[in-house]
Amino acid sequence: MPGIVVVGSQWGDEGKGKATDQLGDRVDYCVRYSGGNNAGHTLVVNGERYALHLLPSGILNPRCVPVIGNGVVVDLDVLFTEIDGLAARGVDASHLIVSANAHVIASYHQVIDKVTERFLGKAKIGTTGRGVGPAYSDKVNRIGIRIQDLFDEAFLAHKVEAALEQKNYLLVKVYNRRALDPAQVTEHLLGHAERIKPHVVDVTRVLNDALDEDKVVLFEGAQAHHLDVDHGTYPYVTSSNPVAAGACVGAGVGPTRINRVVGIAKAYTTRVGEGPMPTELLDADGEKLRTDGAEFGTTTGRKRRCGWFDGLVVEAAAKANAFTDIFLTKLDILTGWEKIPVCVAYDVDGVRHDTMPMRQADFLRARPLYEELEGWSEDISGCRSFDDLPRATQTYVKRLEELCGARISGIGVGPSREQSIVINDLL
Ligand code: GDP
Ligand code: IMO
Ligand code: MG
């Protein structure tokens, strides 16, 4: 019963989409279990680039069933736009299945996301503005709209009215905005009901039956450990649980179903939005990493903040998610540096920390202590085995492995599906 979770080990955009897609046609079910269309997962297959926001990356493998679990928040406009966009390129999504318990992102969630950020000013989170946080707030506040609510018109109208009562008060009195019309919102959501209906099944049962039959179920994380609402750099986090354990909650499978947890780690560090990032480079080196790595957000197009690899950040993720393996991505981007610094510890007010400090106040003041490793100048994008890599590259990988405390089982040396090195098979 191979249940395998792919999870981001830094602050997102590590290459989870590519790593998921690269596992190929041996995957029977590919499940998104958390987040919404704040995610942007890029795949490059046969020279074609696909940017997925809501659909699981398994969608490009015809024999894999794509699944949206109960833990995801679904913007149906985005979902259907994505499905239509893929159909125009010959990719069929008719076999997508969606949990009846997944919550929807309604138009008012996006409005609230944007006005809240504006209101926060300098203290903003730097969200993607997709309404993800407000949709999760409503879920926890027990006033959310679930996919199954779309199939009962009167019930839906009642729920939208209840959800909007307080929000309209806030919008008008606090944010000086126009009130939203519950009837219009209801009508818009109802407009999607017929189209989504054939996709809606009891996802929990389907996945547990599949695992009973020894099918391969891959849970594709969105966001990352350090953006997790419980484990990340709160409040500069997303509003869900991207961690591996989130797969159990967000898809309805027990922890004993998970056999492998693969942490995806970029060979350097990036972050989008606000929040601490000790190894961030605000100089020409950071700009070079951004240019070489094309570090611009897949979802919002924002510049990603760039810096050297932070061993403490990935080690903390490896520990809390119990990584069985790490897939190291974008190693090719580091080609051409004479020396490559790697953060091995922090200095906080003169005290050395070998692991991430418990208190965020300390993390905010952490100064990275670097070890300089030898760089390499050879083009590694054509390497297909560990032995093909230059000696200095091998040493870099081995040092990262030591720092992270989990074995590196795969390496990405380019954006395309085949530009990967497999050290230990993940399936
Ligand atoms: P995700 O959100 O974790 O799926 O990552 P994104 O797709 O947002 O960002 C990762 C970017 O790096 C995408 O443009 C990928 O095509 C690209 N990418 C992934 N792995 C590699 C790699 O090993 N080398 C290079 N050069 N690019 C990669
Ligand atoms: P993938 O799956 C990178 C960040 C936002 C912001 C914070 C909260 O592509 O790795 P939200 O809209 O979720 O309320 O924003 O989280 N963020 C991401 N950063 N990659 C992502 O997804 C992200 N999803 C959210 O930039 O700082
Ligand atoms: Mg991304």
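Me: Which residue forms a salt bridge with Arg 63, and how far apart are the closest N and O atoms?
Reply: The model is predicted, so that local features need pLDDT of at least 70 and side-chain atom pairs count only at pLDDT 80 or more, while totals for chains, interfaces and linings use all residues; side-chain values use heavy atoms, with hydrogens and water left out. A salt bridge is taken as a side-chain nitrogen of Lys or Arg within 4 Å of a carboxyl oxygen of Asp or Glu. By that rule, Arg 63 pairs with Asp 28, and their closest N and O atoms are separated by 2.4 Å.

Me: Where in the chain do Arg 63 and Asp 28 lie, and how many residues apart are they?
Reply: Residues are numbered from 1 along each chain as its sequence is written, and chains are lettered from A and ligands numbered from 1 in the order in which they are written. Helices (H or I, at least four residues) and strands (E, at least two) are DSSP runs numbered from the N terminus. Arg 63 sits in the loop between strand 4 (48-52) and strand 5, whereas Asp 28 sits in the loop between helix 1 and strand 2, so this pair links distant parts of the chain, its members standing apart by 35 residues.

Me: Is Asp 28 buried or exposed?
Reply: Buried means under 20% relative accessible area, exposed over 50%, and partly exposed in between, with a 1.4 Å probe and protein chains only. Its partner Arg 63 counts as partly exposed because its relative accessibility is 46%. Asp 28, by contrast, has a relative accessible area of 11% and is therefore buried.

Me: Which residues coordinate the magnesium ion (ligand 3)?
Reply: Donors are N, O and S atoms within 2.8 Å of the metal (3.2 Å for Na, K and Ca), and because water is not among the atoms, sites may look incomplete. At 2.0 to 2.2 Å from the ion, the donors are an OD atom of one residue and the O atom of another, namely Asp 13 and Gly 40.

Me: Which residue meets Asp 13 in a salt bridge of 3.1 Å?
Reply: Asp 13 counts as partly exposed because its relative accessibility is 21%, and it belongs to a salt-bridge network that also includes Lys 266, Glu 295 and Lys 330. The partner at 3.1 Å, N to O, is Arg 304.

Me: Between which domains does the largest nonpolar core lie?
Reply: A nonpolar core is a set of buried Ala, Val, Leu, Ile, Met, Phe, Trp, Tyr and Cys residues joined through side-chain atoms within 4.5 Å; domain bounds come from an automatic or database domain assignment. Of its 59 residues, those touching the most other members include Leu 207, Phe 219 and Leu 331, and helix 13 (residues 391-404) gives the most, with six residues. The core lies between two domains because both give residues to it, these being domain 1 (3-99 + 198-262) and domain 3 (266-422).

Me: Which strand joins strand 5 through two bridges?
Reply: Two strands pair if DSSP finds at least two bridges between them. Strand 5 (residues 65-68) runs parallel to strand 2 and is joined to it by four bridges, with Tyr 29 opposite Val 65. Val 67 stands opposite Ile 97, and the partner that runs parallel to strand 5 through two bridges is strand 7.
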